[in-house]
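The paragraphs below lead through a structure one step at a time, moving from single residues to salt bridges and then to the contact between domains. Please keep the sequence and the model open while reading.

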There are 2 protein chains.
Amino acid sequence: MPMDSPRPRNVVALAGGIGGSRFLRGLLAYLNDEPHQDRPQQADSDAPAVTVIGNTGDDIWIHGLRVCPDLDTVMYTLGGGISEERGWGREAETFTVKEELAEYGVEPTWFGLGDRDIATHLVRTQSLAAGFALSEVTAALCERWQPGVRLLPMSDDRAETHVLVDDPSGATTATGEPARIAMHFQQWWIQYRASLPAHGFPIVGIDQAKPAPGVVEAIAAADLIILPPSNPVVSIGTILAVPGIREALVAASAPIVGLSPIIGQAPVRGMADACLTAIGVPTSASGVAGHYGARSRGGLLDGWLVESSDADQVEAIIELGIACRAVPLLMSSVAATAAMAQTAIELVQTNR
Amino acid sequence: MPMDSPRPRNVVALAGGIGGSRFLRGLLAYLNDEPHQDRPQQADSDAPAVTVIGNTGDDIWIHGLRVCPDLDTVMYTLGGGISEERGWGREAETFTVKEELAEYGVEPTWFGLGDRDIATHLVRTQSLAAGFALSEVTAALCERWQPGVRLLPMSDDRAETHVLVDDPSGATTATGEPARIAMHFQQWWIQYRASLPAHGFPIVGIDQAKPAPGVVEAIAAADLIILPPSNPVVSIGTILAVPGIREALVAASAPIVGLSPIIGQAPVRGMADACLTAIGVPTSASGVAGHYGARSRGGLLDGWLVESSDADQVEAIIELGIACRAVPLLMSSVAATAAMAQTAIELVQTNR
C-alpha cells in the first residue's frame, strides 16, 4: 500500500445506521489523522470535507414524534453521544417516558424511545411543524453534536420503507392464499426481528421524493464516494431509490468504492440477509457487489472490499469489472476501521 | 352542625390547580365517607357524582406539546400520582428530557417539564392531532388515573390567559411611557413569579370559546355547586369567563358555596394577591366574596366560608347577602379538608 497516496478532500458517504456510523468514525479517523507533510497545516480549512447522505426510509412518526433513527445514529455516534453498548440511542439513557406511555396503554410499545432521545425528537418535530425542512432541522441538531461531517438526509420528503409480508395474524384471501400486508419497516425490524419473510420493500412516497438540498451537488463535487458496509437493501438501497441520487452517482467524476456488509453468508450485523433474500440477491460479498454493479457497465462500483475470509470471491468480483481486495473487515476498533477506510480509498485511487 | 344533613348526590366543582385539587381530595373524602345508613349500599351507583370543571386558561404549548397544568394537577392529585412535595407534576419525577432540551439551547427553559409528565402530554398532543376534543382526551387520560370524578375542561376551545405587563426589558413608547406587552400566564407565573405588576389578564380566544360538552348540563343537574379556594382571578375567574358558564351558574337550581382562598391579607398558596390587585379587588376574604357577589343580587354565592382568623369579616359578608361562617380553612390534612367541605355544604343546605 503506497504511503503517499493523497487523501481525498471532498468525500461523500452514503449511510444507514449502526454499521454506517461505525464505519464513518473510522473514515474520519483516517482522513483527519496527521496533517499532510507537504503543505502547511491550516486548521479547519485544511480538513477534508465529508458529506454523509443518510437514509431516512426508516423514519417513523411515533407518539406524535418524528424519529429519524439512522440520522440520529450517525449524529450521536460521531458526536460522542451514542450508546456504545446498544449501538443506537443515547448513552446513560433512561426509559421513563416509554414506561409511562405503556401505562396509558398506547401503542406501539416495541419502539425503544429513550428519554434523552426524546428531546431530539421534540426539537425535530417542533421545528418541522414550524415549517423547517428536515435538512435544516438536521443541521440545527448537529450544531449541538458537531459530528465532524455535513449530515444530509437523503430527502426532505417523506419516503417510508414498508415491508410486504404475509399477515402475521394468519388471515387468508378469498382464494385461501395468505393475505399480504405492508407494515412499517421499523415494526418488521424491531417487533418481528425481521423474522417474517419479506416479499418486497415498497417505499411509500419515494416516487415524489427529491434529493435534499446539497445532496446532488455534494456528489458532483466529490473526489471520492464511499458506500460503507450498511444494509444494501433498506439503507443504501433506499437512498439510491430517491429519484436523482443514483443518476448523480453514476454521473459523478469521483470513484465509488464500497465495503461488503456480508462476511461469508451472513451480515456483519443486523439482518441484511433477510432483506437480500427478499429481493433475490445472494447473501454474499460477491452477490452484493453484483447487485450494485460495476461502474464501467452502468452500475455503481469502481471498487469493493471483501473480508479476508471471502478472498475466494475476489476473482469473480474483478470479472464483474470491479476492483477488489480481500482484507480484514471486522470493525473491531476505530483503528481497524480507519485501516479499512484507507484500503478502500486507496483501492480506487490506485485503479483510476 | 346537624349530623343528618343529606349529602348532595350531584356535585359540581370549579377548579384551578393545586389548591383546587387538594380541596377536591377532601371533598371526595367527605362525600364518599361511610354509606348512608338509611338505604342499602349500592356500590358505584350509590356514590355521589362529582363533576369537576377545570381551568384550561393556563394551558400552554411547549416544545410542541399541549400541557394542561390544572387538569393534570387535578387528575394526578385525585389519581394518586401527584408529587405531594411540589403539589404539581408526578411523584418520583425525573427531568432528563428538560435537561437535554436545554443542551439543544431551545427555549423556554423555565417550564418544569418532567419525564413522566411528558408521557401524558404526548398522549394528549397526539390525540388532539388525531382530531379528538380536549374533553375526550381528558376522559381517556382519566381512564388510567381513575380520579373518582368526572373531569371536564372548561372548554374544548383554546382560550389562553395572558398577562399585561410593562415590558421587563425596560422598553418605552415614543412618549416615554413603559411599553406594555402581553406574556403567557405561565411565563409571568413561573419565570417571573408574578413579580411583574399585572395590568390585566386578557384571555386570548375566550370570546369564541364554548363550554365543553357536559359542562352546562352538569351545572344544571347539580344539587350543589362549590367553588374551592382556587385563584379567583386566573383559575375560577377564567372558567367564569367562558361565555355560558357564568350564566349557567346563575341559572342553576343548586346552591353555590365557596371557600375563601385568602386568609388575612394573603393567599393560602400561590400568588392570588398579585392577580386580585391587578383587577382592583381587595386581597381579603370579604373582598373576594364581594367580587363573586351574592346570588340573591345577581352574583354567584349563596354561601362563603372564611378562616377563623377572619371572623371579623363575617358580618360584612352576610350584609352582602351571602351566608357566611368562619372556620379553620388550612388544608393541613385530608380529614381537615373534608371537614371544610362538609361545613361549606351544610352552610348552604341549611340556608336554602
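A:Asp157 is partly exposed, with a relative accessible area of 24%, a value that falls between the 20% under which a residue counts as buried and the 50% over which it counts as exposed. The model in which this residue sits is a predicted one. The side chain of A:Asp157 meets that of A:Lys210 in a salt bridge, with N and O 3.4 Å apart. A:Asp157 belongs to the loop between β5 (150–153) and β6 (160–166) of chain A, while A:Lys210 belongs to the loop between β8 (203–204) and α8 (215–221) of chain A, so the pair ties together parts that are 53 residues apart in sequence.

That pair is part of a wider set, since the count over all chains comes to 20 salt bridges. Another of them links A:Arg124 with A:Asp72, where the closest N and O atoms are 2.5 Å apart. Here the partners lie in helices, A:Arg124 in α5 (residues 115–129) and A:Asp72 in α3 (residues 69–79) of chain A, so the salt bridge ties together parts that are 52 residues apart in sequence. Is this pair buried or exposed? A:Arg124 has 1% relative accessibility and therefore counts as buried, and A:Asp72, at 3%, counts as buried too.

A further salt bridge, between the side chains of A:Arg90 and B:Glu100, has an N to O distance of 2.7 Å. Because A:Arg90 lies in the loop between α3 and α4 (96–103) of chain A and B:Glu100 in helix α4 (residues 96–103) of chain B, this pair joins two chains. Both A:Arg90 and B:Glu100 are buried. Through salt bridges that share partners, these two residues are joined with A:Arg116 and A:Arg144 into one network.

The next step is the arrangement of domains. The domain assignment of chain A gives domain 1, made up of 10–57 and 207–349, and domain 2, which covers 160–204. Thirteen residues of domain 1 of chain A and ten residues of domain 2 of chain A take part in the contact, and the C-alpha centres of the two domains lie 29 Å apart.

The size of an interface is often given as the accessible area lost when the parts come together. For domain 1 and domain 2 of chain A, the area buried between them is about 910 Å², with 75% of it on carbon and sulfur atoms. On the side of domain 1 of chain A, the three residues A:Gly57, A:Val234 and A:Met271 supply 51% of the area buried against domain 2, more than any other three residues. Across this interface the rule finds zero salt bridges, and the count of residue pairs in polar contact, with both residues at pLDDT 80 or more, is one. Both α9 (236–241) and α11 (272–278) of chain A supply at least two residues each of the side of domain 1 that touches domain 2, and the largest share, four residues, comes from α11(A). Sorted by type, the residues of this side of domain 1 of chain A divide into nine nonpolar, four polar and no charged.

In chain B, helix α9 (residues 236–241) holds B:Thr238, which counts as buried at 1% relative accessibility. Leaving aside residues up to four places away in sequence, B:Thr238 touches B:Asn55, B:Gly57, B:Met154, B:Thr161, B:Ile203, B:Ile206 and B:Val233.

Conventions. Residues are numbered from 1 along each chain as its sequence is written. Chains are lettered from A and ligands numbered from 1 in the order in which they are written. This is a predicted model: local features need pLDDT of at least 70, side-chain atom pairs count only at pLDDT 80 or more; totals for chains, interfaces and linings use all residues. Side-chain values use heavy atoms; hydrogens and water are left out. Domain bounds come from an automatic or database domain assignment. Contact means heavy atoms within 4.5 Å. Buried area is the accessible area (1.4 Å probe) that two parts lose on being put together, summed over both. A salt bridge is a side-chain nitrogen of Lys or Arg within 4 Å of a carboxyl oxygen of Asp or Glu. A polar contact is a pair of N or O atoms within 3.5 Å; within protein, one must be able to donate a hydrogen and the other to accept it, and residues adjacent in sequence count only if both atoms are side-chain atoms. Ala, Val, Leu, Ile, Met, Phe, Trp, Tyr, Cys and Pro count as nonpolar, Asp, Glu, Lys and Arg as charged, and the others, Gly among them, as polar. Buried means under 20% relative accessible area, exposed over 50%, partly exposed in between (1.4 Å probe, protein chains only).
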